[in-house]
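Welcome! Here are some exercises to work through with the model open beside you. Try each task on your own before you read its solution.

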Amino acid sequence: MAPQLGKGEKPFHIVSPALESLPLSKAAGTKVYMKLENVQPTGSFKIRGIGHLCQEAAKKGCQHFVCSSGGNAGLAAAYAAKKLGLPITVVVPSTTIPATVRKMEELGAEVEVSGQVWDEANKRALELAKSEGRVLIHPFDHPLVWQGHASLVQELKDSLDSKPDAILLAVGGGGLLAGVVAGLHQVGWHDVPIVAAETWGAHSFHVALEAGQLVSLPDITSVAKCLGAKRVAARALECVQECQVISQVVEDTEAVRAVERFLDDERMLVQPACGAALALLYTGRLQRLQAEGQLPTPLNSVVVVVCGGSSIKLAQLQALKSQLGLE
């Protein structure tokens with residue numbers, strides 16, 4: 001279902017552009033459209049679902065939001081809270097970069113640091129949300145979050161001449177995947193395959209698929225910290241029963257190289273989490289999936305969700321390259 005907004009109530013996200021990319025099309029050997037979620041008000045797709053969840057919680061009398069986040073979800077929740085005139089506490093792990101914490105505080109959020117990974121920060125958020133009048137805004141595991149993210153697919157239906165042969169996206173906790181699957185059902189595109197990208201060391205969806213059940217990673221070792229949920233939402237596994245979802249895991253080096261190449265190609269800087277999806281195009285994974293019969297040949301067009309990332313700076317990209325020996 002599309003977000004049901006009250007009379008005169010507008011969503012907090014914008015209709016993002018879906019633009020053809022000549023460099024990505026050349027790399028992939030097929031027409032590639034970029035769904036540019038990096039131009040959302042808070043820099044990522046998160047504002048779609050989290051904005052919707054916050055609006056619905058406010059209608060029901062929420063007095064204080066609590067959110068756990070590695071960055072993008074917290075920014076989206078802080079933005080929504082500011083728009084709604086409500087206080088918010090965002091709990092972040094110690095790996096969250098200071099510039100992101102500053103942005104949240106500038107939006108009026110109270111930020112608390114707890115734990116080294118998102119899962120630990122979330123435990124603290126659950127404690128804080130027990131107080132009366134407070135509502136937990138989960139970064140990816142809530143039906144209203146998925147409902148908000150589904151709007152992305154409706155926009156693709158409205159803007160593209162024909163349905164794509166595949167949608168490429170990154171998976172962290174599984175919220176975007178769940179939203180896209182919901183959106184595909186809404187517009188009658190349930191036969192469009194999804195290629196879900198992760199990095200090794202943050203590949204919780206991949207291990208769950210292989211095991212046929214939810215599995216927790218021992219730790220998050222990838223540089224793509226925004227993919228850093230040790231365990232995906234249960235809904236992410238259910239999605240595999242409803243649509244064709246192809247899991248692909250890329251190296252950190254491939255994701256970071258994709259970020260750098262995308263900056264050169266399209267003049268946009270995104271996070272390594274987004275680089276994981278872009279790496280599918282730059283490394284020939286799409287052609288390999290075609291050769292294996294998992295994707296059709298030929299492909300008329302594909303969409304890559306440029307999920308964004310508000311906390312990436314050029315200095316950070318250079319530091320990541322140095323860390324991974326890419327200099």
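A residue counts as buried under 20% relative accessible area, as exposed over 50%, and as partly exposed in between, with a 1.4 Å probe and protein chains only. Helices (H or I, at least four residues) and strands (E, at least two) are DSSP runs numbered from the N terminus. This is a predicted model, in which local features need pLDDT of at least 70, side-chain atom pairs count only at pLDDT 80 or more, and totals for chains, interfaces and linings use all residues. Residues are numbered from 1 along each chain as its sequence is written, and side-chain values use heavy atoms, leaving out hydrogens and water.

**Exercise 1. Describe strand β8 and the strands beside it.**

Step 1: Check the cover. β8 spans residues 194–199, and six of its six residues are buried.

Step 2: Sort the side chains by direction. Ile-194, Ala-196 and Glu-198 point one way, while Val-195, Ala-197 and Thr-199 point the other way.

Step 3: Look for partners. Two strands pair if DSSP finds at least two bridges between them. Strand β7 (residues 167–170) pairs with β8 in the parallel sense over four bridges, and Ala-170 stands opposite Ala-197 of β8.

Step 4: Follow the chain from β7 to β8. The path goes through helix α8 (residues 175–187), and this β-α-β crossover is right-handed (with the strands pointing away from the viewer, the path from the first strand over the helix to the second runs clockwise).

Step 5: Turn to strand β9 (residues 245–250). Six bridges join it to β8, and the two run parallel; Val-245 in β9 is the bridge partner of Ile-194.

**Exercise 2. Find the aromatic pairs and classify each one.**

Step 1: Recall the rule. Rings of Phe, Tyr and Trp (its six-membered ring) pair if their centres lie within 6.5 Å; planes under 30 degrees apart count as stacked, over 60 as edge-to-face and the rest as tilted.

Step 2: Count. How many aromatic pairs does the structure hold? It holds two.

Step 3: Take Phe-12 and Tyr-79. Their centres are 6.4 Å apart with 85° between the planes, an edge-to-face pair. Phe-12 lies in the segment before β1 (18–20) and Tyr-79 in helix α3 (residues 72–84), so the pair ties together parts that are 67 residues apart in sequence. Phe-12 is buried at 13% relative accessibility, and Tyr-79 is buried at 19%.

Step 4: Take Trp-118 and Phe-140. With centres 5.1 Å apart and planes at 50°, this pair is tilted. Trp-118 belongs to helix α5 (residues 118–128) and Phe-140 to the loop between β6 (134–137) and α6 (143–149), so parts 22 residues apart in sequence are tied together. Trp-118 counts as buried at 10% relative accessibility, as does Phe-140 at 7%.

**Exercise 3. Work out how α8 meets helix α10.**

Step 1: Compare the axes. Axes are lines fitted to C-alpha atoms, for helices over the stretch in contact, and angles run from 0 to 180 degrees between N-to-C directions. The axes of α8 and α10 (residues 234–242) come within 9 Å and cross at roughly 35°.

Step 2: Find the residues that meet. Leu-177, Ala-178, Val-181 and His-185 in α8 meet Arg-235, Ala-236, Cys-239 and Glu-242 in α10. Contact means heavy atoms within 4.5 Å.

**Exercise 4. Map the open sheet of four strands.**

Step 1: Write the order. It is β5-β4-β3-β6, with parallel pairing.

Step 2: Find the edges. β5 (110–113) and β6 each have a single partner strand, so one side of each is left without a neighbour in the sheet.

Step 3: Add the twist, which averages 20° from one strand to the next.

Step 4: Inspect one pair. β4 (residues 88–92) and β5 pair in the parallel sense over four bridges, and Thr-89 has Glu-110 in β5 as its bridge partner.

Step 5: Add a helix. α2 (residues 46–59) packs on the sheet, touching β3 (64–68) and β6, and its direction makes about 165° with that of β6.

**Exercise 5. Is Val-192 buried or exposed, and what does it touch?**

Step 1: Locate Val-192 in the loop between α8 and β8.

Step 2: Read its accessibility. At 1%, Val-192 is buried.

Step 3: List contacts, leaving aside neighbours within four places in sequence. Among them are Lys-163, Pro-164, Ile-167, Leu-184 and Gln-244.
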